[in-house]
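Got your viewer open and your selection tool ready? Let's take a walk through this one, stop by stop.

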Amino acid sequence: MDILIGTALLLVVLGLFTLFSYKAPNGMKAMGALANAACASFLVEAFHDAFFGGVLNISFLQKVGASNGSLGGVAAGILVPLALGVSPVYAVLVGLAVSGYGILPGFIAGYLVAYIVKFLEKKIPAGLDLITIIIIAAPAARLVADFMQPVVDGTLLKIGDVLLTSANANPIVMGIILGGILTVVATAPLSSMALTAMLGLTGIPMAIGALAVFGSSFMNFVFFHKMKFGSKKDTIAVAIEPLTQADIISANPIPVYVTNFIGGALSGVIVALMGLTNMTPGTATPIAGFAVMFAYNKPAQVLIAGAGCILVSVLAGFIGYMIFKNYKIMTADQIRSAAAKEVA
């Protein structure tokens with residue numbers, strides 16, 4: 001029952017963020033900024049704190065990672081207003097005001113206060129706008145973050161707790177569900193890094209997310225190559241970062257998402273059966289996700305699990321091709337030529 005509840009709540013969260021991405025004003029830009037904030041904070045933390053610090057015992061780099069990892073809210077509070085067109089000085093003002101809060105409260109504060117700042121810039125005479133924005137925007141950002149923090153703790157972090165409990169109760173089922181969903185999210189407009197960071201995933205669920213997304217690089221390379229979605233350059237790019245080929249993926253969602261769910265689920269089962277753990281949230285990303293696993297598990301276990309994830313992911317790429325080889329797809333040339341004509 002806990003698995004069903006946790007999965008249902010996770011799907012609701014994904015649905016809300018997808019709705020926000022496509023329907024909210026500048027929603028896609030804001031979500032892109034959220035993903036960038038996760039890179040600037042949690043990805044740095046994963047490499048320097050968990051890997052260079054935890055595995056290689058380099059204390060200076062461990063401090064670097066811990067510093068960045070503690071400022072996810074500030075990063076979101078700065079990058080989201082910047083993405084929405086707010087001037088750098090006001091974006092930094094908003095970001096600094098949410099210091100001490102998590103990445104999602106910082107994201108929401110940055111998004112809402114960005115529109116307040118833009119409104120004030122238009123309405124307040126030059127010279128007075130700086131003082132006015134300092135007086136209004138900074139407290140407003142802090143107030144929004146302060147209001148959202150308990151909401152986040154009571155919803156997203158609770159979902160994370162349910163998933164953690166479920167993973168211990170039935171790890172195989174959780175491996176299938178979480179591995180499949182997070183791998184699909186990695187190819188969607190949402191960020192698997194940001195999602196796992198907001199949920200506060202650790203332990204087996206975070207290990208599932210890290211290695212499932214790691215395996216998806218090899219799966220997407222095989223699948224894109226066999227399906228001939230684009231050029232060799234497009235195929236390599238999607239293996240490194242799926243969001244670089246967002247236009248191809250959004251034009252062919254069914255074959256890409258189904259194939260990624262299959263590969264992610266298979267990788268999730270391997271990780272769950274081996275009982276690997278990952279105590280660094282937000283590391284559902286190919287390179288850092290794999291590297292950080294060495295901080296919490298025996299190297300031989302990580303290498304075996306990584307090899308297993310690569311094998312089943314490559315297999316999933318071929319399975320996806322066999323299922324969808326006669327499916328009518330949109331190629332990169334078709335998509336981009338149509339977009340160029342529209343612009344012209």
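**Stop one: glycine 175**

Select glycine 175 and show what surrounds it: leaving out residues up to four places away in sequence, it touches Gly180, Ile208, Gly264, Ala265, Gly268, Val269 and Ala272. You're in helix H9, which covers residues 171-187. Is glycine 175 buried or exposed? Glycine 175 has a relative accessible area of 0%, so it is buried. Keep in mind as you click around that this is a predicted model.

Now draw a distance from glycine 175 to asparagine 57, C-alpha to C-alpha. You should get 31 Å in space, for two residues that are 118 apart in sequence.

**Zoom out for the overview**

Switch to cartoon and colour by secondary structure. The protein has 17 helices and 0 strands. Turn the C-alpha trace along its principal axes and the spans are about 65 × 55 × 40 Å. How does the radius of gyration fit a compact globule? A compact globule of 344 residues would come out near 20 Å, and the protein has 21 Å, so the two agree.

Next, colour by accessibility. Buried residues account for 50% of the 344 residues. Put a surface on and you're looking at about 15,100 Å² exposed by the protein, with 71% of that supplied by carbon and sulfur atoms. If you colour by charge, there are 17 positive and 13 negative charges to find, and their mean positions sit 10 Å apart.

One more thing for the wide view: take the contacts between residues at least 6 apart in sequence, and 78% of them join residues at least 24 apart.

**Into the core**

Hide the surface and select Ile103, Phe107, Val117 and Leu211. These have the most contacts inside the largest nonpolar core, a set of 70 residues. Helix H6 (residues 103-123) gives the largest share of this core, 10 residues. Apart from that core lies another one of 12 residues, with Phe223, Phe224, Met227 and Val256 among them.

Back to isoleucine 103. Beyond the residues up to four places away in sequence, its contacts are Leu34, Ala37, Ala38, Phe42, Gly72, Gly73, Ala76 and Met198.

Then move along H6 to phenylalanine 107, which lies in that helix. Phenylalanine 107 is at 3% relative accessibility, so it counts as buried. Which residues does phenylalanine 107 contact, leaving aside its neighbours within four places in sequence? Show Phe20, Ala30, Met31, Leu34, Ala76 and Val80 to see them. For a sense of scale, draw a line from the C-alpha of phenylalanine 107 to that of isoleucine 176: they are 69 residues apart along the chain and separated by 30 Å.

**Helix H5 and the loop after it**

Select helix H5, residues 88-97. Its buried residues are Tyr90, Ala91, Leu93, Val94, Gly95 and Ala97. What covers them? Show helix H4 (72-83), H6 and helix H7 (129-154), which are included in that cover.

Step on to serine 99, in the loop between H5 and H6. Serine 99 is partly exposed, with a relative accessible area of 34%. Outside its neighbours within four places in sequence, serine 99 contacts Val74 and Arg142. Try a C-alpha distance from serine 99 to leucine 71 as well: 7.0 Å, with their positions 28 residues apart along the chain.

**Asparagine 220**

Jump to helix H11 (residues 203-227), where you'll find asparagine 220. Its relative accessibility is 1%, so asparagine 220 counts as buried. Setting aside neighbours within four places in sequence, look for its contacts with Thr187, Val238, Pro242 and Asn260.

**Last stop: two loops with positive phi**

Follow H11 into the loop between it and helix H12 (232-240), and pick lysine 228. Lysine 228 isn't a glycine, yet it has a positive phi of about 55°. Lysine 228 is exposed, with a relative accessible area of 61%.

Finally, head for the loop between helix H1 (2-23) and helix H2 (27-53), and select asparagine 26. Asparagine 26 also has a positive phi of about 55° without being a glycine. Is asparagine 26 buried, partly exposed or exposed? With 32% relative accessibility, asparagine 26 counts as partly exposed.

Methods: Residues are numbered from 1 along each chain as its sequence is written. This is a predicted model: local features need pLDDT of at least 70, side-chain atom pairs count only at pLDDT 80 or more; totals for chains, interfaces and linings use all residues. Side-chain values use heavy atoms; hydrogens and water are left out. Helices (H or I, at least four residues) and strands (E, at least two) are DSSP runs, numbered from the N terminus. The radius of gyration is taken over C-alpha atoms; the globule rule is 2.2 Å times the number of residues to the power 0.38. Buried means under 20% relative accessible area, exposed over 50%, partly exposed in between (1.4 Å probe, protein chains only). Contact means heavy atoms within 4.5 Å. Accessible areas come from the Shrake-Rupley method with a 1.4 Å probe; for residues, only the protein chains shown count as cover. Lys and Arg count as positive and Asp and Glu as negative; His and the chain ends are not counted. The place of a charge is taken as NZ of Lys, CZ of Arg, CG of Asp or CD of Glu. A nonpolar core is a set of buried Ala, Val, Leu, Ile, Met, Phe, Trp, Tyr and Cys residues joined through side-chain atoms within 4.5 Å.
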